[in-house]
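Here is a short briefing for work at the bench, to be read alongside the sequence and the model. Two topics are taken up in turn.

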Amino acid sequence: MSFLAPALLAALAAIAIPIVVHLVQRDRRRVVAFPSLMFLRKIPNQSVKRRAIRHWPLLLLRVAAFALLALAFARPFLPGAGAAAAAGAGREVVVLVDRSSSMGYGSVWARAQEAARRAVSGLGPGDRGTVAFFDADVDVAVRSATERAALAAAVDRAAPGAGATRYGPALRAAAGLLESSALPRREIILVSDFQQSGWDRSQDAQLPPGIVLTPAPAGEAATANASIVSLTFARQDAPGGEQITASARIANRSGSALADREVTLEVDGHLEDTRRVSAAPNGIETVQFTPFTLAGRPARVSARLAPDALPIDDTLHAVVSAGGRIPVLIIEASNPAPDSSLYLARALAVGRDPGFDTSVVPVDRVSADEINAASVVILNDTRPPSGAAGQAFDARVRRGMGLLVAAGDRSSWPDGSPDLLPCAPGAPIDRSGTAGGALGYVDYGHPVFEVFAAPRSGDLTAARMFRYRSCQPETGSTVVARFDDGSPALVEKRAGSGAVLMWTSSLDSYWNDLALRPVFVPLVHQAMRHLGRYAEGKAWRDVGDVFDSADVSSARDWGLGIGGSGSDAVTLPRPTVLSPSGKTVEFADPARNTLELTETGFYEIRREGEKAGEGAFVAVNLPPDESDLTPFDPAELVKAVTGGAGQSAAASAHTPAPDDDERRQSVWWLLLAAGVFLLGVEAYVAGRFPRIAQG
Amino acid sequence: MDRRGAGTAMRGAQFVDPSALARMGNLELVARTVVDGFINGLHRAPHMGFSLDFAEHRGYEPGDDLRRVDWRVFARTDRYYVKQFEADTNANCVVALDVSTSMRFGSGGLTKLDYGRYLAASLLYFSHQQRDRVGLVTFDQSVIEYVPPSARHLEFALYALDRVGEPNAGALAAPLLTLTERLTRRGIVVVISDFYDEPERVAQAVRPLRFRGHDVAVFHVLDPAEIDFPFEEAASFEDLENGDRLPVVPEALRGEYRALVQAHIAELGRLFTDSRIDYALFNTSVPLDHALFHYLAARERLRRVR
């Protein structure tokens, strides 16, 4: 049996009233005037007899009446199955401790540990506790334990990490832990600095009904934090390699100015330059360092700001590689027009990041070696190569080389040529009699056109299309762009591992004026990147990212930045990965070379036989938003994830049906009736036998 | 009927119970011939004096008043004899009534004070009837009212009985000593009290009256509840004199209480008897005339023994 108002059980103390009356007040209530106590005082003390309770039945009657009334007003009820568990008062508590890097600010972590210890010590005998730490991931240290010592020890052992704060996944994980609990009262105690950047209001982190979220703020009211948010590298060709000029952007997230702080640049562990920086309140300042020369191997670059209360974001690491270049082979007709490849070659010549090594060869003089050395081949208004070159051409395309076909006036595709075209070129369509046609449809989601997707980033429709070939796309081909009459303008097809793009007009100024438009150069660059499968290498990654170590290894083969490609899908042996702290990182998935980055600094990926420092490096930094320590109101979070129900959610967790509730609570009526009946009996007895009632 | 409100002709007359007076009248006729003093004709004058009642002859001695020489005897015997007469019975009769707080107790509607007032009034009335000089003293810790003995002071005495003032704690020694000093003429002194004090101290307080030659009688007035202690339920017993309270379970100590009271009464009787002081216990549950009758009858028997 449980009680709806257990506090009223304190009224049971009222049963002491009749007992006291029977013990003490029974002789004090009745006062008998007597002439003199002279003789009574001579009689030995009768205290023992005076304290003896008389009239036991009447006393028991009164005590029982008081007890029944007290029990009735405490509203007893008979718990059902679910309610029985609820009445058991056991709690399943998940102490969710933020261990993101921002918790390392000042004394925030010490306060967080103290708050977590308080939460653990607040567990009752019937409670079970879980201690979990979270940043972007959730790590359950102790799960559903009753030993508070173990829970407290887990709190003591923990330390802030390098991850970013993400409340949504943490709350969902905690809710999952609570969902599996059989205890009726479930609660999440969230210990955090409640960093605004960690809460994405669009995330679906709604807690199930019945779970109470109790925030335990541990952050500081006022924070001042400066951090290096980015490094940019300007490249310039120089004797012996590239000359790199690094620039660091320093953000001052504070209401006070940043005054004369030292910032240094290290390259491969050597101090290259030292500068001093000042920044206005909540301002950003850029510091440009002295250039350094990059020759051959990628360089590890670290920009360090003099440490403040949050040191982890005062250093930014990066890996700088020599700029990648894509070899492009332009195959033109044996008797080309004088400027048939002029615009292409000039456009490719100005390419940077990546640059293009361009060569122009007539179709009748192209060799297989030239084809094998290229990453992208452009058939510029001509037929495909034949002979050995033709075989190499076909094989390379199918093994991953990119192919761009410009179907101009001299273009042809004889019988017996490789089946690589996405569509068979038809008769030319002449629209020179009018103002000319234009591109009518462009798939801006395609990599070739995605750079033009934003407004005022290039008007592809401005180009006049006077002639173009009709084309019927083959099955499996994709029309990426169409002219305004609906004819395909750019069609793509996958041929083996390679990609083939077919432009149904020319790339000179005879059939269209596209080459004269501003969009031409970026369009060609994008097409080469796409066909060459070029992926811009990242100078650094963020903690929490997952990457494939094979990408790093293969990229190195091509001399590109991280993620660079162009390989022939070579299966590489599993490398050894060392974390910045020097530990060997174990791969979680044996079938894949993927791993999660959990530390800031440089990860080293060594292939077999490589020594220390000879492997590839991956720079890992703190997620930039983690440096923004701006807090938000925990109540907002509570309201968002509990749907505004807040604490009342727990009360309604095991709400029984009204009929069942009424039935189980009807006990108090019986108790009240019994108590009143006993009082009636007591009144009758006391009235009938007043001498007894005097107790 | 409220007897106090009935007194119109003479204040205090309501204290004289008519039935008691009737029965006391018969008692007077019987007692007059037996005892000198207490009631007219019953009590014996303690001194020879001058009255109409011849006592005896004695031989003339120089200095005797020649008017008292019985010339008839001289004629027959030729000797001088002087006639002696018993003194007149106009004795002082003073009632000392304790009006302290303890006397205000009564378990049956009649308090000891009321009973004492009836008793005092009856005594004063009949003393006055036999031409004694009557006086009254009321006292608690000290003398409150003092009506000097006089043949004309019955009304004053009854009035004094009627206006007993506010209750106070009682004591015997001081007021009785005061009374002893004031009563220069020997007479009858009746002390009415409940004597809540140690017997020896009570006796010491009363004895000075006896030492001054007064014929002293003490009437010990007690309520039946004080004697029998019939209380049943436990209660706080409050001392009427000083307000002290004592939790008491009567049934647990009734026997001891009764024994103590009886020992107290017996001790008082013994001490007073030793001092030649008449002692009588009056239970307020016993009718007043009945009590007086028994007392006088006992006194008569004692006188006969003398």
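The notes below cover the contact between two chains and then one helix with its surroundings.

This is a predicted model. In it, 22 residues of chain A are in contact with 28 residues of chain B, and a helix of chain A, α11 (residues 387-398), is described in the second group of points.

**Where chain A meets chain B**

- The elements of chain A that give two or more residues to the side touching chain B are α1 (16-28), β2 (31-34), α2 (38-42) and α3 (47-51).
- Of these contributions to the side of chain A that touches chain B, the largest share is that of α2(A), with five residues.
- Sorted by class, that side of chain A has ten nonpolar and nine charged residues, together with three polar ones.
- Strand β2(A) also pairs across the chains, since four bridges join β2(A) to strand β8 (residues 235-239) of chain B, and the two strands run parallel.
- Within this pairing, A:Phe34 stands opposite B:Asp239 in β8(B).

**Helix α11 of chain A**

- The twelve residues of α11(A) should span 16 Å at 1.5 Å a residue, and the end C-alpha atoms are 17 Å apart, which agrees with that expectation.
- The buried residues in α11(A) are A:Ala389, A:Phe393, A:Asp394, A:Arg396 and A:Val397.
- The cover over these buried residues includes α10 (368-373) and the strands β19 (376-380), β20 (402-406), β25 (488-495) and β26 (498-503), which belong to chain A.
- Just after α11(A), A:Gly400 takes a positive phi of about 130 degrees.

Technical notes
Residues numbered from 1 in each chain as written. Chains lettered and ligands numbered in written order. Predicted model: local features only at pLDDT ≥ 70, side-chain atom pairs only at ≥ 80, totals over all residues. Contact = placed C-beta atoms within 7 Å. Nonpolar A, V, L, I, M, F, W, Y, C, P; charged D, E, K, R; others polar. Pairing = 2+ DSSP bridges. Expected span 1.5 Å × (residues − 1). Buried ≥ 20, exposed ≤ 12 C-beta atoms within 10 Å, placed from the backbone.
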